[in-house]
Amino acid sequence: MTFRIASGKARLDVGGVTRFDSDDLLLHGASAGLSISGFVDIPNLSGGSGTTVNSTTSYDLGAVTAGHTQLIGAVKFNVNNSSVALAFDRWHMVMGGSIIWVMDGDPGFADALGDNSGLRQFVSYHFDISAGRARLVRRAFISNTPLPYTVIAHRITYKLRSGNWT
Amino acid sequence: MTTMRYESGVFSIGNFSSAKRYIRQVANSGDAIMAMVEGPSIQIAVASGSYAWRFECGSLTKTSAAVYGTPPTAGFATDRLIAL
């Protein structure tokens, strides 16, 4: 282990791996920041069969502590319709980035298998902070496929904390 | 009173200990092992109609035949280089 203080900075190396550099930034305020929890009910989203959906939708989740830039926490997606989808009922860590909910190809024809080619339907979500507000943002795209295409209603439950890097 | 110690190969001061691993945004990019992203990391951009799209993931893109690959604009995602 080496610990060096030089040029106004301290650096700690253990086994060749830097464990601490005084120039590093730490994410903090995560526990002291406001707890942001609740759920958003997303209704059916239909397209295809003559209609293209190309939308970006923001869902306001409330205020965050001033200066905070990052949301971390846990999220759970629920489809309360076991006849059309798996009741996906588990918590997942969210450390930033996108959550892909739908990524699908061409649905083909009603009475035959299609080739499922290309990227024709896409729904993703991400959490971010904009103007001091926590947001859930949905990016949705449903192409003008020959058949109707519906993204079934679902509930997104979240437990988040905000923080910043300093 | 905060005590600074260096014993048995462990350096500690207050709650900090070299025996622990902390999530931190590294000053030296060579120390990074992952990126934590603020905002979206994966997106789709639709150029026109229902067929010309671009799938975006950082600087990488996958396009439909009608659209050529162009990296997402700056600010699409903010990567935080992280070490543990």
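Buried area is the accessible area that two parts lose on being put together, summed over both. In this predicted model, chain B and chain A bury about 3,000 Å² between them, and 60% of that area lies on carbon and sulfur atoms. The contact draws on 33 residues from chain B and 37 residues from chain A.

Polar and charged pairs also span the interface of the two chains. Between chain B and chain A, 13 residue pairs are found in polar contact, with both residues at pLDDT 80 or more. On the side of chain B that touches chain A, at least two residues are supplied by each of β2 (10-13), β4 (24-25), β5 (34-38), β6 (42-48), β7 (52-57) and β9 (78-83) of chain B. Of these elements, β6(B) provides the largest share of that side, namely 5 residues. When the residues of the side of chain B that touches chain A are divided by character, 18 are nonpolar, 9 are polar and 6 are charged. The count of salt bridges between chain B and chain A is 2; one of them joins B:Arg24 to A:Asp24, where the closest N and O atoms are 2.3 Å apart.

Strand pairing likewise links the two chains. Strand β4 of chain A, which covers residues 25-28, pairs with β4(B) in the antiparallel sense over 2 bridges. Within this part of the structure, B:Arg24 of β4(B) is the bridge partner of A:Leu26, and B:Arg24 is also the residue that forms the salt bridge with A:Asp24.

Definitions and conventions:
Residues are numbered from 1 along each chain as its sequence is written. Chains are lettered from A and ligands numbered from 1 in the order in which they are written. This is a predicted model: local features need pLDDT of at least 70, side-chain atom pairs count only at pLDDT 80 or more; totals for chains, interfaces and linings use all residues. Side-chain values use heavy atoms; hydrogens and water are left out. Contact means heavy atoms within 4.5 Å. Buried area is the accessible area (1.4 Å probe) that two parts lose on being put together, summed over both. A salt bridge is a side-chain nitrogen of Lys or Arg within 4 Å of a carboxyl oxygen of Asp or Glu. A polar contact is a pair of N or O atoms within 3.5 Å; within protein, one must be able to donate a hydrogen and the other to accept it, and residues adjacent in sequence count only if both atoms are side-chain atoms. Helices (H or I, at least four residues) and strands (E, at least two) are DSSP runs, numbered from the N terminus. Ala, Val, Leu, Ile, Met, Phe, Trp, Tyr, Cys and Pro count as nonpolar, Asp, Glu, Lys and Arg as charged, and the others, Gly among them, as polar. Two strands pair if DSSP finds at least two bridges between them.
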